[in-house]
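Good morning, and thank you for the time. I would like to go through one structure with you, beginning with a strand and its sheet and ending with the nonpolar core. Please have the display in front of you.

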Amino acid sequence: EGVVSIGSKAFWYCESLKSITLPSTLREIGDEAFRSCKNLSEVIIPEGVVSIGSMAFELCRSLKSITLPSTLREIGDEAFAYCTNLSELIIPEGVESIGSRAFDSCSSLKYIILSSTLKEIGNGAFYCSNLEEVLIPRCIESIVKSRVYSSTKLVYID
């Protein structure tokens, strides 16, 4: 407790890391902080975190589930790219920005629910070949169509 930021590349390539407990005081996860932690299987990001940096969890191939907090505002470029075991994703209300290729090549990702607070979705953010369905609040319809894999079913909700 007391740590407010995990710096860039702090746990980069810690291949033996299987689980992490992040402190409730955490506000920011830096660029590439957990990149290539290939055995990391679950991450619960605590309330209070507002930013996940670019490539923060890229190549965490064992990552099956992530819990994102309601305080989160920004998901960086390629933050979860190549997390090939990630199967479901809920973007909580409050998230305003998802970076380019944030969830690129998450080949097990089949289902996504987006937040109505989104203002920006980067190119290829959800370019996942097995993605079956994205639930999209109508208010963000115009920024989603070119951001997902072409065969994905887009369902607009009120």
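**A parallel sheet and a nonpolar core**

Let me begin with strand β11, residues 133-137: four of its five residues are buried, so this strand is largely enclosed by the rest of the structure. Please bear in mind that we are looking at a predicted model.

Which strands pair with β11? On one side of the discussion is strand β9, residues 111-113, which pairs with β11 in the parallel sense over three bridges. Within that pairing, I112 stands opposite V134 of β11. The other partner is strand β12, residues 153-157, whose pairing with β11 is also parallel and runs over five bridges. Here V134 has L154 of β12 as its bridge partner.

We can now place these pairings in the sheet. Four strands make up an open sheet with parallel pairing, and their order is β7-β9-β11-β12. At the edges are β7, residues 88-90, and β12, each of which pairs on one side only. From one strand to the next, the twist averages 15 degrees. The remaining pairing to mention is that of β7 with β9, parallel and over three bridges. In that pairing, I90 has I113 of β9 as its bridge partner. As a general remark, side chains in a regular strand alternate between the two faces of the sheet.

I turn next to I66, a residue of strand β5, which spans residues 65-67. Is I66 buried or exposed? Its relative accessibility is 13%, and a residue counts as buried under 20%, so I66 is buried. What does I66 touch, once neighbours within four places in sequence are left aside? Its contacts are V43, F80, L86, L89 and F103. I would add one distance: I66 and S87 lie 21 residues apart in sequence, while their C-alpha atoms are 9.8 Å apart in space.

Two of those names lead us to the core. The largest nonpolar core has 45 residues, and those with the most contacts inside it are F57, I75, F80 and F103. In soluble globular proteins, nonpolar side chains tend to be buried together.

Let us take I75 as the example. Apart from neighbours within four places in sequence, I75 is in contact with I52, L68, F80, I91, V95, S97, I98, G99, A102 and F103. F80 and F103 therefore appear in this list, and F80 and F103 are also among the contacts of I66.

Notes:
Residues numbered from 1 in each chain as written. Predicted model: local features only at pLDDT ≥ 70, side-chain atom pairs only at ≥ 80, totals over all residues. Heavy atoms only, no water. Buried < 20%, exposed > 50% of the residue type's maximum accessible area, 1.4 Å probe, protein only. Helix = DSSP H or I, 4+ residues; strand = E, 2+ residues; numbered from the N terminus. Pairing = 2+ DSSP bridges. Axes fitted to C-alpha atoms, helices over the stretch in contact; angles between N-to-C directions. Contact = heavy atoms within 4.5 Å. Core = buried A, V, L, I, M, F, W, Y, C linked by side-chain atoms within 4.5 Å.
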